[in-house]
Amino acid sequence: MGVRMGQGRGPPAPDGGWGWAVLLSCFVVTGFSYAFPKAVSIYFKELMRDFGVGYSDTAWISSIMLAMLYGSGPVSSIMVNKFGCRPVMLFGGLLASAGMVAASFTTNIVQLYLTAGVATGMGLALNFQPSLIMLGCYFDRRRPLANGLAAAGSPVFLSALSPLGQVLVDHFGWRGGFLIMGGLLLNCCTCGAVMRPLEQKQNKEDDSSKSEDCTEQSEKTNMKNRKKLLDFSVLRNKGLVIYIITKFVAILGLFVPTILLVNYAKDQGIPDHEAAFLLSIIGFVDIFARPTCGLVAGLKRVRPRMAYFFSLALLFNGLTDVCSARSTSYIGLVVFCVFFGLSYGMVGALQFEMLMGIVGTRGFSSALGLVLLIEAVAVLIGPPSAGRLVDAYKSYELIFYMAGGELIAAGVCLCVASYCCVGRSKKHNPHKEAERDVEKDLPVADGTHTDHNSEQSRGAA
């Protein structure tokens, strides 16, 4: 029997069954993790009025929340490798909820940074990363589709949380809204409870296999890896280094438009509810963009060229920002939201599928932790810098050019580097290429398919 690369001796991915429940939980967790920091921007105007602060000060709330989501990656990796996915997610759900509840009682902006920013962001991180790890364990052949469906949680929740936030502000104020949001985050605990350890089926030749979390199974079957709570050896992968650099540049501008969009619309004289609905438009378009992009990414002609597909998505998003920099009317902003939702959905659907393809399932936990840590630095720079530009020049046009330029640079960087550094090196290693069947042109290797081909060849033999 063939052994899948990246999973070691762990149980094979069922590509269905209980995996659909895991996918639904990942959908919810992804929705909270990515939509929550943007939906919080609904409360910025009220926070600016109550605390007497500016755009850059309030933008720090979302930035810190996202920075914790990304920067806590190594901590989450260590905890997952030590305790497993389910306990970490249960604790994370409680922490995220407690952070928002505590935020409703704060009296200054610094306390908001510590509660809504640090505590809630950390709790979301302890849910987000384990859910992706479990999704990778339960899906292999259908993994691009699974990633696309799970990523659709972000736009669905953005579409719901944005208008809900405005309703809560109107009826209960920002303090009541934060308290209710904290209660909603307890659903993350339910999602954690669903993450059932993947069972190892017994073989006729070996009846000693036990049912364990797939991540723990990979660690315990290798005594060397067992001691490594965070494996830095994944950084030897040239494709991963290219991916990290690309994501750092992209994250500088990726979240800027969505975090400042509502305030921008309100400053243009657009009513509050219509301004909040702009985020819902992005979400509605994004809902269809992510699963569709996941389906396209799974095609035989596309999956081996994932790096180029991902670079196309980054370029599309960047050009959308640049071309919409001077939009001031509501109709113009609606058109921007439609194209931004489409391009943003493509980026969201492809980013983790590409990372899984680079390092495989075994290295995914450590690689994701390191990638998110690097991205945390970028997310702490991007939105606050954009807010400072708005405070200084009283114009939003510059931030659209800045964000778009960063994404265009990231897309070009990924495309060129994948061709020059990875693509050419494969041409100089024909023996390695002969070992690959379907994925011989893949700029960043996806280990899972190699073993499918080997299994098929063994079956034919």
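I began with Asp-286, which is buried at 2% relative accessibility. The model I am reading is a predicted one.

I then looked up the partner of Asp-286. Its side chain meets that of Arg-290 in a salt bridge, with 2.8 Å from N to O. Arg-290 is buried too, at a relative accessible area of 3%. I noted that both residues sit in helix α14, which covers residues 272-297. They are 4 residues apart there, about one turn of the helix.

Next I asked how many salt bridges the structure holds. The count is 5. I looked at two others besides the pair in α14.

Second entry: Arg-326 and Glu-397. Their side chains meet in a salt bridge at 3.2 Å, N to O. This pair links distant parts of the chain, 71 residues apart. Arg-326 is in the loop between α15 (306-323) and α16 (330-359), while Glu-397 belongs to helix α18, residues 397-427. I checked the accessibility of each. Arg-326 is exposed at 65%. Glu-397 is partly exposed at 26%, because the partly exposed class runs between 20% and 50%.

Third entry: Arg-49 and Asp-50. I found a salt bridge here, the closest N and O atoms being 3.7 Å apart. It counts because the cut-off is within 4 Å. Is Arg-49 buried or exposed? I read a relative accessible area of 58% for Arg-49, so it is exposed. Asp-50 has 44% relative accessibility and is partly exposed.

A general remark to close the page: side chains of opposite charge can pair when their charged atoms come close.

Definitions and conventions. Residues are numbered from 1 along each chain as its sequence is written. This is a predicted model: local features need pLDDT of at least 70, side-chain atom pairs count only at pLDDT 80 or more; totals for chains, interfaces and linings use all residues. Side-chain values use heavy atoms; hydrogens and water are left out. Buried means under 20% relative accessible area, exposed over 50%, partly exposed in between (1.4 Å probe, protein chains only). Helices (H or I, at least four residues) and strands (E, at least two) are DSSP runs, numbered from the N terminus.
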